[in-house]
Each structure stands twice: as structure tokens, then as C-alpha cells.
Amino acid sequence: MGTEKQGGQTAGASKIAPATGKLGVMVVGLGAVATTFIAGVEAVRRGLAKPIGSMTQMGTIRLGKRTDNNTPRVKDFVPLADLKDIVFTGWDIFEDNVYESASHAKVLDEKLLDQLKPYLETIKPLPAVFDQYYVKRLNGTHIKKGKNKRDLANQLRADIQAFKKTVDRVVVIWCASTEIYIKATDVHQSIEAFEKGLDNDDIAIAPSQLYAYAALSEGVPFANGAPNLTVDFPAMVELSKRNAAPICGRDFKTGQTMMKTVLAPAFKARLLGVSGWFSTNILGNRDGEVLDDPESFKTKEESKLGSLDYIFQPELYPDLYKDLYHKIRINYYPPRGDEKEAWDNIDIFGWLGYPMQIKVNFLCRDSILAAPIALDLVLFLDLAKRTPELRSLGVQEWLSFYLKSPQTAEGLYPEHDLFIQSMKLKNTLRHIMGAELITHLGLEYYD
Ligand SMILES: NC(=O)c1ccc[n+]([C@@H]2O[C@H](COP(=O)([O-])OP(=O)(O)OC[C@H]3O[C@@H](n4cnc5c(N)ncnc54)[C@H](O)[C@@H]3O)[C@@H](O)[C@H]2O)c1
């Protein structure tokens, strides 16, 4: 990358390994989100559609002063894998290939899917690690058998090793169903305890943790797109650091929570109070069916609830947010399929306590919003793995931008404000490329 063209980056940039060769993407769960992601990448590669919603493909980044007029595309600034170099595979508990699964999901129209059919049919899932105890509403048929959890994790490791032989680098992303709510226990506190738990079939070790353990053991980055407890506990953080395999989670920030983390910071910035926030959703895809089970819903609820508390900081602003009543509902409603509808009623109050209301009605498409996030996470995790400064950090907090319940270093509260997250992400890119950070101070324009 020429320093001239990119605007002032120095030695830092040269230490990042180039994105040469093939990037293998292993997707856990080839359902609605995953197939929309995979088919979308192929449609873009063929020039049939644009990668809308993806920062890595369409985003730009300002470098230097506002007067410099230097705003390259993100993908021209940092060395990311090219879409043409991505090779997909994945696991699922059903045998359907990606074409069949995408057809069932009914997110993309038949005309587009038919054009992509010969390619999509070639992607067939590997048998999954699954146990109905952790996802009550599904009953898998295409699953691995093993004598214990250690054995199952080793089978996943063997899948990753075999795929590694066909590509140059690998990233794993969880796009599978939401598992039941699990709290971290002693078994999650160190690699040693976790490995003992694998041998003893510890009940607090869910299948998603086996995939994460397998990936990290192989030095492969792992992203968690769902709200289940998967990489966010000390054993995984330790393994991630030890094997220089970056991690991030949890839960793609797509529709309602994305809007929440835009609106709430605006109220707080203007010191407007909020007394109530009622959020409800209807959705009819398989994700909706899984979330209809109270134990999976609890996992999602926890993930969705957290953002407001952190953004409003009621302990600092008791007059404005101490009594906030926050409620979230998700209702399974089959007629809507993937075309979810979300309503938010927000009771706010202003000057002298006078009340007002805001209504948000978001008619969205769940997987259309999630697919570009999956793409960006995969490409940025691969970048992190090639960046000496990032690869051994464990948690990649700069990817919070994409996540509903972002993982942080121990003892840190998560940053939920979408615009702070966006600044953090872009400043991280500037930093690793040796470019100047942008603080938005701007006094120099008035000297
Ligand atoms: N779409 C969004 O906007 C969005 C946002 C945030 C999070 N998510 C999460 O992303 C995940 C995927 O959503 P979706 O709409 O694609 O759901 P989906 O039900 O269409 O797909 C999930 C797939 O995972 C498979 N699966 C389940 N357990 C598995 C296992 N142990 N191993 C391998 N495969 C397994 C299922 O068979 C299914 O094909 C869900 O957990 C959802 O909560 C989605």
C-alpha cells in the first residue's frame, strides 16, 4: 500500500501480513442468516447485486484533516481478503445443501437463487455437534456421535484441519440457533477446568462452546452471532490469547437493538429523561420458532436488555433514568417468515418533567440486516489474525459495532452507542495502519 495514496500511514501497516490466497469461512448453522450471507457474497462476486450494509465493501474512512479530502474505501485502506478469495463450508444438523436451505428460508427470491443454484448446491453441511437439551425446538438428524464432549470437540477439530488443507486461512462464525440460557460456572474459569469438563460431559458446556474450543485450539478466529454463552468466559479468552486466535461476540446487532443504540444516545446527549421503553416483535422464521421456547428466549432477552442500562448510566443520571421500565417481547408469528416487524413505544420526558412519546415501527428483514454483518466480522477477524498488534489480544472489542451484547476485557463495561462503536472501529483501523487518529477536536481549522 503506498503511503502517498492512503494518507500518512507509517511502519505499522507493513507489519500486517497480506491477505494472499484463499480465506476459508466455516459457518456453524446453515440457516436463514448463513445462506443469505453465502448467496449474497456469490451474487456480489457475479455482479448481480451490491453488498449494501457492509462496511468492508462499501464503507469509507477519512484520513487526515477535513481539508485533505482523503477518504479511501475501507477495503482500499486495510488489507482485507477479497470476496473472490472466500471459500465457504459449514455444519448443520440437517442435510440440506445451501441452495435447499436458502429456498426453505425464503429470504431471497427464487429468481436470484436459481441463478446461483449450481454454486449453492455444492456447499453441503458437515455433520453437526448438537444436543436437543440446548435447543429444545429442534430435532437434528445430521449429527456427530462421540463418546464424550472431548471426542466431539476433536471431531470438529478434524473438520477444521481438513478444511485448512484446502485454503490459506480459516475463520469460524456461529450463525446457528440460539441455545438455552447458561451462566458461566467453575468449568468455564480456565482452559484446564474446561478440558476436564469435556472429559466429564459437563452440562454447562453447550455445543457452541465445543465449536469455539475446536476453532481456537486450531488457532482459528471465532465470531459468535447469537446470544448464547460461547466465547465470553475466561477459558476461551485464555485459549484465544494463547493461540493468537481473535474472538468476538455476541449476537448480531441488526434491527431493534441497532435502532435502540442510535436513539438512546441521542436522548442522553440532550439530557432527555426516559420512563419507559416497550419493545415488541413478531417474526415467523425458524429463529422465531426457536426463540418461542422460554429457555432460548431468556438468552435473547438478556442480550437485548443490557444496552439501555449501559447507555443511560442511571447511577450518573438518577433524575432521568433511574425509574426506566424496559420490557422486551418476541412473538413467533409464522405468516411473517423472515420479515420481522418491531414496534417500540418510548415514553420520554423533557423540560420540567413534561412527558412525550416516540413510536418506532421497523418493518425489517432479519437476515438481510444480518448477512453484511457476518461478512464484515469474518473479514475483520481475518485481518485481526494477520495483525501482530491485535492477534493475541483475545477479545476484539473494536468489533462491538456489530454486536448486541459486546464482549470486553474483564472489568470493562461494554460500549453500546453505535456512533462511538463506529469511531472505535475506524480508529482501530487507522491505528493498525499507522495513520493519525481522528478526535473530532478540530481547533486547528481556526488557528
Ligand atoms: N437475523 C438476525 O437479524 C439475527 C440477529 C441477531 C442474532 N441472530 C441469531 O443468528 C442465529 C441464526 O439465525 P437464523 O435466522 O439464520 O436462524 P435459522 O434457524 O434459520 O438457522 C439456524 C441454523 O442453525 C442450525 N443449527 C442449530 N444448532 C446447530 C448446531 N449445534 N450445529 C450446527 N447447526 C446448528 C439449524 O439447523 C439452522 O439451520 C440465531 O441464533 C439468531 O438468534 C440473528
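**Around the ligand**

Colleague: How far from an oxygen atom of the ligand does a polar side-chain atom of Arg286 lie?

Modeller: This is a predicted model, where local features need pLDDT of at least 70, side-chain atom pairs need 80 or more, and totals for chains, interfaces and linings use all residues. Residues are numbered from 1 along each chain, and side-chain values use heavy atoms, leaving out hydrogens and water. Arg286 makes a polar contact with the ligand (a pair of N or O atoms within 3.5 Å), and the gap is 2.9 Å.

Colleague: Which residue puts a backbone N or O atom 2.7 Å from an oxygen atom of the ligand?

Modeller: Not Tyr211, where a polar side-chain atom lies 2.9 Å from a ligand nitrogen. The backbone atom at 2.7 Å from a ligand oxygen belongs to Val33.

Colleague: How much of the ligand's exposed area does the protein bury?

Modeller: On its own, the ligand exposes 850 Å² (Shrake-Rupley, 1.4 Å probe). Of that, the protein buries 98%.

Colleague: Which element gives the most residues to the shell around the ligand?

Modeller: Helix 3 (32-45), strand 2 (86-92), helix 13 (286-291) and helix 16 (366-386) each give two or more (DSSP runs, at least four residues for helices and two for strands). With 3 residues, the top giver is helix 16.

Colleague: Which residues come nearest to the ligand?

Modeller: The ligand has 32 residues around it, each with a heavy atom within 4 Å. Out of those 32, the nearest are Ala32, Val33, Asp92, Val129 and Ala176.

Conventions: A polar contact is a pair of N or O atoms within 3.5 Å; within protein, one must be able to donate a hydrogen and the other to accept it, and residues adjacent in sequence count only if both atoms are side-chain atoms.
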